[in-house]
Structure formats: C-alpha cells, structure tokens
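Trainee: I'm new to this one, and I'd like to know what the labels rest on. Could you walk me through it?

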Amino acid sequence: MEKKMWEIQFLSLPHILKYCKKCGKKMAFACSEQFRINAQRKYLDIWLIYKCLNCNTTWNATIFSRIYPQSLNPKVLERFHRNDKDLVEQYAMDNDFLRRNGVEVQLSQYSIIGDSFFPNETVELEIKSKYFLPVKVSSLIRDTLHISQKEYSQLVIDGKIKSIPNQDLQKCKLKNSIILIFNEKSDDNPTI
Ligand SMILES: [Zn+2]
C-alpha cells in the first residue's frame, strides 16, 4: 500500500476566548509572545501574557506558580527571559495548557504540507502535528481532498476510510498523529 504523509502547519498562534472585565463580555485575546517572570522572593512565577484584541487588557496564563527557582534548569529560565519564540509556541499551541488555565482555544488557520491523492486511491496516510491543537480529522480530510461532508460520511460508513487504532472518524480530533487507511483491499470483499 502506498504511504502518504501530511503535516499540519498552523499559520499563527491561536487566540483564546475568555471574559474581559473591561469589555464586559467574552472576547478574543491574542498571545503577546512575551513571558512575565516574577522572581523577587524565594519563589518563581512565570506566565504567558495575552491581550484582549479589543481593549488591550492583559491576562496571564500561568505556566509556573510558586516554584523554587532551583527546580528550573537555568538554560530554560534563560529562554523564558528572552521570550524564546519556540518556547512561546510550545505553550501557546498547547491546548491542554490553555484549558488548564480555564480558557477556550480558537483554532487558527492551518495549511497541510504533503502528498495529495484521490479519495478512491488505496493509501495509508499518516497525519502529523507538531503541536496539540484539536483540529477535527473530518475537516482536515474534507478540506484537503476537496470532498463534501456527505461524501466524507459515506466513505466512513462504507469502511473506505479507517483509522489505526479505530476511532470515530466523524468526531475525532487530531492529537500528535493519526494513521488512516483509504480503500483497504480485502480478500474477503472482492467488490472493493
Ligand atoms: Zn477587552
């Protein structure tokens, strides 16, 4: 079976949705790409700063709260101090981290890098993501292969798209990776 690979690339850091006190309602906040570090006393606090898109009110997502400074690798601490871009991405693209901070994540636009194929080809497809942002697998496939919701559902119902391990392909979301089998050839079913 021919193997194909897709990699999902997010075009920007996702906005988060939370209540803004100044605006008086739930608003979208953008990541400032800056950390705030408080190391004045014997404890260390580190946050990632977000800003309301409407009024610039800041909100801090907690990364570390009251930890001993010695417990953090000095090289990592230095990366926080210089707002290291990869470190910012690591947190701003982490759905679990943002949810632990009690906010909703608004998915950013993404593109798919990889080999294209037709929905009727026999293919083993691996979809990979460097970061855990919950994109629906069904949307990814429909957008990339240019098929409708109805066509997609029919392929799933007919068993022409399967996943390893088996997941609900109408609902499941991409984590770090998923493997899909399109149009598996089977001796038991000579009509395929
Ligand atoms: Zn606001």
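Mentor: Let's start with touching: a contact means heavy atoms within 4.5 Å. This is a predicted model, where local features need pLDDT of at least 70 and side-chain atom pairs count only at pLDDT 80 or more, while totals for chains, interfaces and linings use all residues. Residues are numbered from 1 along each chain as its sequence is written, and side-chain values use heavy atoms, with hydrogens and water left out.

Trainee: Which residues does Asp45 touch, not counting residues up to four places away in sequence?

Mentor: Arg36, Ile37, Asn38, Phe64, Ser65 and Arg66. Take Phe64: in sequence Asp45 and Phe64 are 19 residues apart, yet C-alpha to C-alpha they are 5.3 Å apart in space.

Trainee: Asp45 is found in strand β4. What makes a stretch a strand or a helix?

Mentor: Both are DSSP runs, numbered from the N terminus: helices are H or I with at least four residues, strands are E with at least two.

Trainee: Why is Asp45 called buried?

Mentor: Buried means under 20% relative accessible area, exposed means over 50%, and partly exposed is in between (1.4 Å probe, protein chains only). Asp45 has 14%, so it counts as buried.

Trainee: Next, the metal. What coordinates the zinc ion?

Mentor: The SG atoms of Cys20, Cys23, Cys52 and Cys55, at 2.3 Å. Donors are N, O and S atoms within 2.8 Å of the metal (3.2 Å for Na, K and Ca), and sites may look incomplete because water is not among the atoms.

Trainee: What makes the arrangement around the zinc ion tetrahedral?

Mentor: Four donors get that name if all angles lie between 85 and 135 degrees. Here the 4 donor atoms subtend angles of 101 to 116 degrees, so the arrangement is tetrahedral.

Trainee: How are the donor residues spaced in sequence?

Mentor: As C-x2-C-x28-C-x2-C. Cys23 lies in the loop between β2 (15-20) and β3 (25-38), and Cys52 in strand β4 (residues 44-52), so this pair ties together parts 29 residues apart in sequence. On the scale we used for Asp45, Cys23 is partly exposed at 22%, whereas Cys52 is buried at 1%.

Trainee: Now helices α1 (residues 74-81) and α2 (residues 85-92). Why are α1 and α2 called roughly perpendicular?

Mentor: Axes are lines fitted to C-alpha atoms, for helices over the stretch in contact, with angles from 0 to 180 degrees between N-to-C directions. These axes come within 8 Å and cross at roughly 90 degrees. Roughly perpendicular covers 65 to 115 degrees, so α1 and α2 earn the label.

Trainee: Which residues meet there?

Mentor: Val76, Arg79 and Phe80 in α1 meet Asp86, Leu87 and Tyr91 in α2. By class, that contact has 4 nonpolar, no polar and 2 charged residues. Ala, Val, Leu, Ile, Met, Phe, Trp, Tyr, Cys and Pro count as nonpolar, Asp, Glu, Lys and Arg as charged, and the others, Gly among them, as polar.

Trainee: How do you know that helix α4 (residues 137-145) is mostly covered?

Mentor: Of its 9 residues, 7 are buried. Among them are Val137 and Leu145, and the buried residues of α4 pack against elements including β1 (2-10) and α5 (149-157).

Trainee: Last one: is Asn183 buried or exposed?

Mentor: Buried, because its relative accessible area is 10%. Asn183 also has a positive phi of about 55 degrees although it is not a glycine.

Technical notes: Tetrahedral: all angles 85-135°; square planar, octahedral: opposite > 155°, others 65-115°. Parallel < 35°, antiparallel > 145°, perpendicular 65-115°, else oblique.
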